[in-house]
Amino acid sequence: MLKTLYTRLAFWLFLLLVSVGLLYSFISFYSLREYTASVNQELHRDLAEKLVQDRNLVDEGRLDEAALKELFDLYMTINPSIEIYLLDPKGKILAYSADPAKIKRNHVDLAPVRRLLADMSAYPVLGDDPRSHDRQKVFSVTPIPSAVNPDGYLYVVLRGEEFDMAEQMARSSQFIEMSAWAVLISLVVGMLAGLAVFRLLTRRLSQLTQLVERFETGDMSQPPQQTWQQQRPLVRDEIDYLGVAFDRMAERIASQIEQLQEKDALRRRLVAQVSHDLRTPLASMQGYIESLRMKRATLSAGEQEQFLDIALAEGRRLSRQVDELFELAALEAREKQPRPEPFPLAELVHDVVQKHSPRAGAKAVRLRVARTPSLPLAHGDLAMTERVLDNLIGNAIEYSPEGSEVVLDMDRQDEWLRVTVRDAGPGIAEQDLPHIFDAFYRGESGNAGGHAGLGLAIAKRIMTLQQGGIEVRNLQPRGTAFTITLPIVIDS
């Protein structure tokens, strides 16, 4: 039944208005009684005193009982709305103008009487009603024969039994009718106004719900064609803010889905490339081992040694590719994080050159450092930087022809230290330069050298993680230059 926000708001508004109407009627009823009592006592607070004076109830300092009886008879006939009682100094009822069968008290508490006599403006003051054991009513009182020498009190109940009955009959029907109409009119007006306001509020929520549903059932890889901010350019309240937040969330979701799709395509390509790159050395190693096993009797010792060397080389190649694959995966997943610290870059460069000198010499390639300028300390991970230099120098030696040289140069540019590795190899095709740091990328020039293409991707990721950089350019007339950059240590 109450499935929408609008119907729930309307239902609770109805209950609220009914509750407020009933509460208003209840408060009005008791407020009216209090107000009526106060007015009645204010208008008739001197009634008892005037009755004594007008009816000559006191004669020569004594109460005239005949005049009092005549007063009782008169007011029971012409004004039954009041009841008159004669009290002794202790509050005992001596005489009265009411029906004797309905008198239930023979004593009236004098505390309210004394309080009213002490301050005639302190109304409403309620006194005991002789016709009830627990009911109290407003009254007027005066001491008789005089305030100086009181022998008793003339106690006038201003709202007698007949007055109560008439008032109850009139009020019971009139008050209920008035209250019913007041509640009904208030309910109708309040409901119409509330429904109109709720419609204005929930209309925008309904529009936002439709916008979310269209995005959910549509192509979530594309942002919504019609955004909330296009419908309402000005953000005025929380609903508009929610709509703008949804626009941003939808754009972010679409972007993330697009990235996931791209990464999924890349993953498929990487899986295919990895399978190919790992299968090649594995198949070669397996072929030579099988050949050795099948033709062992016909092969000479030298041929067997050659087959084993080739299989071992392919196994090492396979192991290197697997290690590089795990290293790249750890870097991409941020499982392997750099630990930057100050270190002398020049010393590291000389150590790496010294380490690769035997390999360069075996290929008849000269490996040297062009110059060693005075440089400040670099800020980076020493081991990771060495890993990058190993890769760059190894590639330079591999692609350099015999008799050429690989040169390392160091310099400072602003707040950065640079190391450049130059070789005299065939260079990189221009169309391959933008992709040279992509994992598993093989250029059309065929200069991959049989490796899986992960070394430069690992180098790029390492330099990015330690807030550095790496770039490549071709040299003229031939050769390639790779440059890495690291921030210098700033003195605090």
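A salt bridge is counted here where a side-chain nitrogen of Lys or Arg lies within 4 Å of a carboxyl oxygen of Asp or Glu. By this rule, the count for the protein comes to 12 salt bridges. The structure is a predicted model, and several of these charged pairs serve below as points of orientation.

The overall composition may be considered first. The protein has 492 residues, and 38% of them are buried. Its secondary structure comes to 11 helices and 14 strands. Of the contacts with a separation of 6 or more, 65% are between residues 24 or more positions apart. The accessible surface comes to about 29400 Å², with 55% of this area belonging to carbon and sulfur atoms.

The region around strand 6 offers a suitable place to begin. Eight of the nine residues of strand 6 are buried, so that the strand is mostly covered. Strand 6 pairs with strand 5 in the antiparallel sense over three bridges, and Leu126 has Val138 in strand 6 as its bridge partner. Strand 6 is also joined to strand 7 (residues 152-157), by six bridges, and these two strands again run antiparallel. In this second pairing, Pro143 stands opposite Tyr153 of strand 7. In a regular strand the side chains alternate between the two faces of the sheet.

Between strand 5 (126-128) and strand 6 (136-144) runs a loop that contains Asp134. Is Asp134 buried or exposed? Its relative accessibility is 68%, and because exposed means over 50%, Asp134 counts as exposed. The side chain of Asp134 makes a polar contact of 2.8 Å with the side chain of Ser132. Asp134 and Arg105 are 29 residues apart in sequence, while their C-alpha atoms are 9.9 Å apart in space.

Arg105 leads back to the salt bridges. Side chains of opposite charge can pair when their charged atoms come close. Arg105 forms a salt bridge with Asp128, in which the closest N and O atoms are 3.5 Å apart. Because Arg105 lies in the loop between strand 4 and helix 4 and Asp128 lies in strand 5, the pair ties together parts that are 23 residues apart in sequence. Both members of this pair, Arg105 and Asp128, are buried.

A further salt bridge joins Arg131 to Asp129, again with 3.5 Å between the closest N and O atoms. Arg131 has a relative accessible area of 7% and is therefore buried; Asp129, with a relative accessible area of 0%, is buried as well. These two residues belong to a network of salt bridges that links Glu83, Asp129, Arg131, Arg135 and Lys137.

The loop that holds Arg105 can be followed to Leu110, which lies between strand 4 (93-96) and helix 4 (111-118). Leu110 has a relative accessible area of 4% and is therefore buried. Which residues are in contact with Leu110, leaving aside its neighbours within four places in sequence? They are Leu87, Pro89, Lys90, Gly91 and Tyr153. Tyr153 has already appeared as the residue in strand 7 that stands opposite Pro143. As for Leu87, it is 23 residues from Leu110 in sequence and 9.5 Å away in space, C-alpha to C-alpha.

Helix 5 (residues 161-217) contains Leu184. With 44% relative accessibility, Leu184 counts as partly exposed. Leu184 is one of the residues of a nonpolar patch on the surface, formed by Trp181, Leu184, Ile185, Val188, Val189 and Leu192. Together these residues have about 600 Å² of accessible area.

Later in the chain, the side chains of Glu405 and Arg366 meet in a salt bridge, with 3.6 Å from N to O. This pair links distant parts of the chain, 39 residues apart: Glu405 belongs to strand 11 (residues 405-413) and Arg366 to strand 9 (residues 366-369). Glu405 is partly exposed, with a relative accessible area of 29%, and Arg366 is exposed, with a relative accessible area of 54%.

The account ends with strands 13 and 14. Strand 13 (residues 469-474) and strand 14 (residues 480-487) run antiparallel and are joined by six bridges. In one of these pairings, Asn474 has Thr480 in strand 14 as its bridge partner. The two strands form a hairpin with five residues between them, and Gly479 in the turn has a positive phi of about 110 degrees.

Conventions
Residues are numbered from 1 along each chain as its sequence is written. This is a predicted model: local features need pLDDT of at least 70, side-chain atom pairs count only at pLDDT 80 or more; totals for chains, interfaces and linings use all residues. Side-chain values use heavy atoms; hydrogens and water are left out. Helices (H or I, at least four residues) and strands (E, at least two) are DSSP runs, numbered from the N terminus. Buried means under 20% relative accessible area, exposed over 50%, partly exposed in between (1.4 Å probe, protein chains only). A polar contact is a pair of N or O atoms within 3.5 Å; within protein, one must be able to donate a hydrogen and the other to accept it, and residues adjacent in sequence count only if both atoms are side-chain atoms. Two strands pair if DSSP finds at least two bridges between them. Patches are made of residues with over 30% relative accessible area and no salt bridge: like charges are joined within 9 Å, nonpolar side chains (Val, Leu, Ile, Met, Phe, Trp, Tyr) within 5 Å. Accessible areas come from the Shrake-Rupley method with a 1.4 Å probe; for residues, only the protein chains shown count as cover. Contact means heavy atoms within 4.5 Å.
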